[in-house]
Amino acid sequence: MVLRRLAVTGALLAVTLGAAALPAAPTAAATPQADPPPKPLARVLPAADQARIPVPHKAASTIAAPDIDVAKVQAHLTELNNIATRNGGTRRSSGQGYRDSVAYVRSKLQAAGYTVTEQPCTSGCATGAGPNLIAEWPQGDATKVYMFGAHLDSVGAGPGINDNGSGSAALLETALTLAEQNPAMAARVRFGWWTDEEQGLNGSDFYVGSLSSADRSKIKAYYNFDMIASTNGGYFINHLNSTAAQPMKEYWDSLSLQPEENTEGAGRSDDYSFEQAGIPTSGYAMGAGARKTSAQATKWGGTANRAYDSCYHQSCDTTGNINATGLNRSVDGIAYTLWKLAVTNSTPTNDFSLAVSPATGSVDPGTSATATVSTATTSGSAQTVKLSASGAPAGVTVSFSPTTVTSGSSSTMTVGTSSSAAPGTYTLTVTGTGSVTHTTTYTLTVKGAGGCTGQQLLVNGGFENGTSPWTGNTGAIGAYTGQSAHSGSRFAWLGGYGSSATDTLSQTVTVPSGCGKATLTYWLHIDTEETQNVAYDTFKVKVGNSTLATLSNTDTSNGYTQRTLDLSPYIGQRITLTFTATEDAGLQTSFVVDDAALQTG
């Protein structure tokens with residue numbers, strides 16, 4: 001939890017969470033420390049209340065929520081602690097510990113089937129801060145979104161396992177359980193792991209600021225989880241009596257926890273960013289540096305006049321600083337809230353998705369390009385989808401074979417041009433019409449008549465404009481202390497861990513026909529701590545599965561060196577270009593890439 005924010009003013013829209021407080025017994029007590037600055041409260045239950053109290057409620061429109069395995073949540077916390085240990089004892093937003101945390105969470109979510117996006121914080125964040133991580137379960141009504149978030153960064157002084165590995169790990173295991181059970185969904189569920197919270201809620205501020213008014217209106221409520229396993233904690237809910245808080249309060253009430261309003265955390269965590277945008281918010285917390293009162297100790301157990309978390313913002317905030325009972329009650333309350341709001345046992349509305357691959361094409365006048373239009377059933381039953389296109393200029397035609405598909409099937413789109421088609425770049429809108437309608441776009445470039453139009457094909461090759469359209473370990477892209485750009489301020493830092501690791505960055509492009517040459521250039525800086533003339537750590541450039549160049553720690557240099565590769569054999573093909581850095585378990589080697597370009601001519 002960040003210290004900068006102090007209070008939410010009465011002018012702000014307040015949506016309050018309701019919860020009841022349980023007495024929770026801490027599982028691991030931390031060594032007493034000097035009391036740090038305040039953070040939200042948490043409650044400790046007596047031993048007699050350790051057993052799980054059954055959850056009696058089951059809303060008519062939902063199915064029963066699962067009991068999340070707290071041991072799996074703790075396993076995530078162990079890995080986050082290990083990541084911090086490998087990176088100087090911290091997971092601060094601008095360090096490798098944070099980037100490794102993003103990679104760990106991202107890999108779990110991608111394997112489970114989530115739509116996962118890394119969002120670079122391009123303004124307002126600390127220098128070198130890593131990205132936000134956004135994951136959406138691709139089922140349910142996309143116009144009705146419930147969002148659950150937690151900051152993934154720690155302070156520089158410690159590994160941040162309660163603050164805020166606890167919230168991050170609880171959300172991760174809840175997300176994985178949702179994917180595993182795969183219930184029918186009445187609404188969309190979106191998870192956010194925020195960067196740079198400890199420096200001022202910067203990652204969530206950036207995310208909310210990047211939303212259009214239409215996208216903000218789709219978010220029906222945001223739920224925040226920051227420090228939900230404090231060893232001397234209490235049971236606190238943000239905006240306790242609000243509509244948004246009711247499912248969370250309902251669950252903790254079922255455990256007789258008698259929760260209280262989270263006054264200590266008001267305006268000090270990422271829910272504040274959403275509140276300022278008028279989005280209803282709530283969340284659980286168990287307290288930070290503020291002291292537990294005698295009344296709270298009587299109600300919840302624990303020690304009066306002692307901080308809820310004596311290791312708040314300190315190096316002792318490790319896996320030994322976790323109240324497993326409170327963590328268990330929190331994560332199950334998260335699942336209960338999610339299931340009640342977004343899961344249904346009724347037949348969902350039929351819906352489908354629409355995509356075009358490749359999404360771009362470049363042709364000479366008088367020739368044609370093809371692409372595959374894919375559909376998938378995202379909820380309910382498969383339906384008939386009719387395909388059409390609009391936006392084609394004079395001399396350009398679009399046809400589909402077949403013109404009608406059943407969702408889950410695909411069609412071949414042919415974009416034809418006449419000899420009189422005017423050179424230029426055009427955006428075509430592809431529409432799929434069934435019980436609902438979806439659109440996507442295709443970008444067509446008509447080249448100058450009869451020859452090659454030289455062009456630079458890579459997008460964002462200098463990494464100055466966020467991470468898109470690069471894929472892979474996009475957390476490597478940024479402006480990081482310890483390396484510098486060839487030009488501009490940003491670059492891609494692959495490797496440099498000093499432990500066994502692999503980083504990749506990929507981009508898919510179409511190398512148009514009609515040109516005689518295609519050349520890849522990139523600037524590469526290599527520095528290493530290896531001392532032997534042996535290729536322990538490698539950097540490879542690949543097109544598809546073909547390796548075109550291999551460099552290593554033996555190619556170290558003081559500055560950037562421009563490298564050139566002939567990609568002419570790939571003219572007329574759609575290719576995936578990949579940079580891959582692989583380190584062994586020993587000394588570090590950094591491969592820093594900048595100003596990549598693929599030029600035709």
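Ala, Val, Leu, Ile, Met, Phe, Trp, Tyr, Cys and Pro count as nonpolar here, Asp, Glu, Lys and Arg as charged, and the others, Gly among them, as polar. Keep that sorting in mind for the empty spaces below. One more thing before we start: this is a predicted model.

**The enclosed space**

Let's begin with the cavity. The count comes to 1 cavity of 30 Å³ or more, and the largest cavity holds about 40 Å³ of space. Lining the largest cavity are 11 residues, and those closest to its centre are Asn-224, Asp-226, Asn-238, Asn-262 and Ser-269. Sorted by class, the lining of the largest cavity has 4 nonpolar, 5 polar and 2 charged residues.

**The open spaces**

Now for the pockets. The largest pocket has a volume of about 680 Å³. Its lining is made of 33 residues, with Asn-87, Gln-96, Gly-97, Asp-100 and Tyr-497 closest to the centre. Which elements each supply at least two residues of this lining? They are helix H1 (70–86), helix H2 (96–112) and strand E21 (501–510). H2 gives the most to the lining of the largest pocket, namely 8 residues.

In the second largest pocket there is about 400 Å³ of space. Here 21 residues form the lining, and Thr-360, Leu-457, Thr-508, Val-509 and Thr-510 lie nearest the centre. Strand E10 (360–363), strand E17 (437–446), E21 and strand E26 (574–583) each supply at least two residues of this second lining. E21 gives the most to the lining of the second largest pocket, with 5 residues.

Here is how the two pocket linings break down by class:

| Pocket | Nonpolar | Polar | Charged |
|---|---|---|---|
| Largest pocket | 10 residues | 15 residues | 8 residues |
| Second largest pocket | 6 residues | 14 residues | 1 residue |

Did you spot E21 in both lists? What does strand E21 supply to the lining of the largest pocket? At least two residues, while E21 gives 5 residues to the lining of the second largest pocket.

**A stop at Ala-394**

Finally, let's look at a single residue. Ala-394 lies in the loop between strand E12 (384–390) and strand E13 (396–401). Is Ala-394 buried or exposed? Its relative accessibility is 67%, and the cut-off for exposed is over 50%, so Ala-394 counts as exposed. You can also find Ser-420 from here: Ala-394 and Ser-420 are 26 residues apart along the chain, and their C-alpha atoms are separated by 8.5 Å.

Definitions and conventions:
Residues numbered from 1 in each chain as written. Predicted model: local features only at pLDDT ≥ 70, side-chain atom pairs only at ≥ 80, totals over all residues. Heavy atoms only, no water. Helix = DSSP H or I, 4+ residues; strand = E, 2+ residues; numbered from the N terminus. Buried < 20%, exposed > 50% of the residue type's maximum accessible area, 1.4 Å probe, protein only. 1 Å grid on protein atoms, 1.4 Å probe; cavity = no way out; pocket = protein on both sides within 12 Å on 5 of 7 lines; lining within 4 Å. Points joined across faces, edges and corners; volume = space filled by probe spheres on them.
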